[in-house]
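Load the model in your viewer and switch to a cartoon representation. The stops below can be selected in the order given.

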Amino acid sequence: MEEEKFTFLRRFQYSSEAIIYQGKLESQGIEVFMRDNNIVDSNPLYSNAVGGVKMFVKTADFDKANEILGDVSLYSVDDDNQPLKCPKCGTEQIELEPSIDGVKSFFRVVILGAFAQFFSKYKYKCQNCKYEFN
């Protein structure tokens, strides 16, 4: 029997993200294998230390899996499921990110530490030109 080979497909910060993509691939008949998901689930702060959750597929399925995940938008969409466009440069590489936009919000992050994310303001940020907008 020939030994099966696996190829690295994607890396995710948290296993919850990886599980969404795993479901998408498995619904298309592609078997998915993940590494370090149990470490990250036991303590999410370990994610950066171990390099996140790593997703692997059989080498024979790699091209098909890449094509399937390529159809999934990694960026923000509007209510009609259309990609958001940057008002400055027009690209569709927009992500929703927490914003520290003044002394008051900076001290909020310093004082509240890890809980600051619950009180942060969020803005859309273009990954191309770094323009922030609401």
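The tour goes through the sheet and then the helices that lie across it. Keep in mind that this is a predicted model.

**Stop 1: the sheet.** Display the strands. There are 3, forming an open sheet in the order β1-β3-β2 with antiparallel pairing. Select residues 6–12 for β1 and 32–35 for β2: these stand at the edges, and each has a single partner strand, so one side of each is left without a neighbour in the sheet. From one strand to the next, the twist averages 30°.

**Stop 2: β1 against β3.** Add residues 53–58, which make up β3; 6 bridges join this strand to β1, and the two run antiparallel. Show Thr7 and look across to β3, where Val57 stands opposite. Then select Arg11, whose bridge partner in β3 is Lys54.

**Stop 3: β2 against β3.** Keep Lys54 on screen and add Arg35, which stands opposite Lys54. Here 4 bridges join β2 to β3, again in an antiparallel arrangement.

**Stop 4: burial of β3.** How many residues of β3 are buried? Colour the strand by relative accessible area, with buried set at under 20%. The count is 5 of the 6 residues, so β3 is largely enclosed by the rest of the structure.

**Stop 5: the helices.** Select residues 15–27, helix α1, which lies across β1, β2 and β3 and runs at about 15° to β3. Next select residues 62–70, helix α4. Helix α4 lies across β1 and β3, and its angle to β1 is about 20°.

Conventions:
Residues numbered from 1 in each chain as written. Predicted model: local features only at pLDDT ≥ 70, side-chain atom pairs only at ≥ 80, totals over all residues. Heavy atoms only, no water. Pairing = 2+ DSSP bridges. Axes fitted to C-alpha atoms, helices over the stretch in contact; angles between N-to-C directions. Contact = heavy atoms within 4.5 Å. Buried < 20%, exposed > 50% of the residue type's maximum accessible area, 1.4 Å probe, protein only.
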